[in-house]
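Hi everyone, thanks for having me. Please bring up the viewer, and we can walk through this one together.

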Amino acid sequence: DLGDALRASSLRLARIGRVQSVIEESPGTRDILARYIAGDTTQSALGAARDLMETGRAVTVSYLGPDADSRASSDATVEEYRRLVAEAVSRGLVGDHCLELSVRPAAFGRLDQATGRSLALAQLQRVCRTAHNAGLDVTLDMEGFETVEPTLRLLEELRQDFPRVGVALQAALLRTEQDCRELAAEGVRVRLVKGAHKLDERGSFDAVEDVDRSYVRCLRILMEGVGYPMVATHDPRMTSIAAALARSCGKGPEDFEYQMYLGIRPLEQTAIADRGDRMRVYVAYGPAWYSYLVRRVAERPTNVTFFVRSLLSR
Ligand code: FAD
C-alpha cells in the first residue's frame, strides 16, 4: 500500500544519503573524479574542447549547474549557455558539427510542476535559438524515471522550431524500445545510453544482462530508422555491435556517431576518430560538478564500478 511504498522509498533515500556522505568524506575522491570533469568555468570547458578537437574528436559540452529552484537560477543557466556559445564562436570552435550542447532540462525549470515545465520550455527555446544561430545542435540529457515523460514532451515542443534537437534515451527502462521506435520514425537525433540513474521498480530492467540486451534491441531500431543514432557507451561489445549494425543498415560515418565521457577509454576514442567515424566526447563542467557526480555515484552501485574500472584500465 501507499504506506509501504513511502517507507521503502524513504529507506532507499536514506541509504543513498549515507553512501553520498561516505564518498564525500573519502580522502582523494575529489581528485579522482576531477579527471572526468573539465573544471568549473566556461574557459576550462572550451580549453578541453579545443584539445579534443585537435585530435579529431567532436565534443558535446554540458554545464552542470543546479536544478532550477527559481526563475533566477534558471536565468543563470541560460546566461551560462549563451556565454559558452559566444565564447566558442569567438575561439573558432564551431562548424561541421564539431561542437554540440548537452542540456539538463531540470536546470531550466521544475519538471514536476506545470509552471516549471512552461518555464523550462521557454528557457530551452532561448538556448536552442542561440545555438541554432551559431550552427550548434542541442541534445537533452535524460535523468530519473519521472523526468522521462516531461523531457519527451519538451523535445516534441522544441522540435517544432528546432528539428535537430536530440534526446538521450536509457536502455535500462522498459519503455525505451517503444520510445526508440517512435523517435527513429520521426528522424530524431537519439543518444542511446544504458542509464546512470536510480532504477525504478515500475519500469526498469534490473539485471545488467537485460539492460545490455535492451541496448542492442534499441540500437537495431535506431540504426534501421531514419534518425541519427548517437551510440553513447564505453562498452566494447556495444560499440562493435553498433559498427556491424551501421554497416548492415547502410549508415555511413555521416549518419551516426559514437560518444564517450571525457577521460574514459581515450585510446579507443582516438582510434574511432582515426578510422574516420565521428567520435564525440562529453565534456561536463560547472561549479556544481562535484555534488552532481557524487549523487550519481551514490545512486547506482554500477556507477561506482564504472569509475573504478576506468582507473584500472588506463
Ligand atoms: P558499462 O555497462 O558501465 O560497462 C560495460 C563495459 O564497458 C565494461 O565491461 C568495460 O569493458 C567497458 N567500460 C565501461 N566503463 C569503462 C571505463 N570507465 N573504463 C574502461 N572501460 C569501461 N546516462 C543517463 O542516464 N542520461 C544521460 O543523458 C546520459 N548521457 C551520457 C552521455 C554520454 C556521452 C555517455 C558516454 C554516457 C551518458 N550516460 C547518460 C551514462 C550512461 O547511462 C552509463 O551510465 C555509462 O555510460 C556507463 O555505461 P557503459 O555503457 O559505458 O558501460
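I'll start with the whole protein, then go through some strands and helices, and finish with a single residue.

Two notes before we look around. This is a predicted model, so to speak of local features we ask for pLDDT of at least 70, side-chain atom pairs count only at pLDDT 80 or more, and totals for chains, interfaces and linings use all residues. Residues are numbered from 1 along each chain as its sequence is written.

So, what is in the protein? There are 12 helices and 8 strands. Those come from DSSP runs, numbered from the N terminus: H or I of at least four residues for a helix, E of at least two for a strand. Of the 314 residues, 40% count as buried. Here, buried is 20 or more other C-beta atoms within 10 Å of a residue's own, exposed is 12 or fewer, and partly exposed is in between, with C-beta atoms placed from the backbone.

Now contacts: two residues are in contact if their C-beta atoms, placed from the backbone, lie within 7 Å. Take the contacts with a separation of 6 or more: 71% of them are between residues 24 or more positions apart.

Let's go inside. A nonpolar core is a set of buried Ala, Val, Leu, Ile, Met, Phe, Trp, Tyr and Cys residues joined through C-beta atoms within 7 Å. The largest one here has 84 residues, and among those with the most contacts inside it are Ala49, Val190, Cys218 and Val283. Helix α8, residues 208-224, gives the largest share of this core, 7 residues. As for Cys218, beyond its neighbours within four places in sequence, its contacts include Leu169, Cys180 and Leu192.

Next, the strands. Which residues cover the two faces of β5? Arg189, Arg191 and Val193 are on one side, Val190 and Leu192 are on the other, and all are buried. Since 5 of the 5 residues of β5 (189-193) are buried, this strand is largely enclosed by the rest of the structure.

What does β5 pair with? For us, two strands pair if DSSP finds at least two bridges between them. Strand β4, residues 166-170, runs parallel to β5 and is joined to it by 4 bridges; one partnership is Ala168 with Arg191 in β5. There are also 4 bridges between β5 and β6, again in the parallel sense, and Val190 has Pro229 as its bridge partner in β6. The chain gets from β5 to β6 through α8, in a right-handed β-α-β crossover. Right-handed here is a clockwise path from the first strand over the helix to the second, with the strands pointing away from the viewer. A right-handed β-α-β unit is also made by β4, helix α7 (residues 176-186) and β5.

Strand β6 is mostly covered, with 5 of its 5 residues buried. Tyr228, Met230 and Ala232 are on one side of β6, and Pro229 and Val231 are on the other. Moving along, 3 bridges join β6 to the parallel strand β7, residues 257-261, and Val231 partners Tyr258 in β7. With α9 between them in the unit, β6 and β7 make a right-handed β-α-β unit.

Let's stay with α9, residues 236-248. Its 13 residues reach 18 Å from first C-alpha to last, close to the 18 Å expected from 1.5 Å times one less than the number of residues. Which residues of α9 are buried? They are Met238, Ala242, Leu245 and Ala246. They sit on the same side of α9 because they cover an arc of only 100° around the axis, taken from the directions from the helix axis to the C-beta atoms. A helpful reminder: an α-helix has 3.6 residues a turn, so residues three or four places apart point the same way. The buried residues of α9 pack against α8 and β6. The face turned away carries exposed residues, including Arg237, Ser240 and Arg247. Just after α9, Gly250 takes a positive phi of about 70°.

Finally, our single residue: Val89, in helix α4, residues 71-90. Is Val89 buried or partly exposed? Val89 counts as partly exposed, because it has 16 C-beta neighbours inside 10 Å. Leaving aside neighbours within four places in sequence, Val89 is in contact with Val94 and Ala134.

Thanks for listening!
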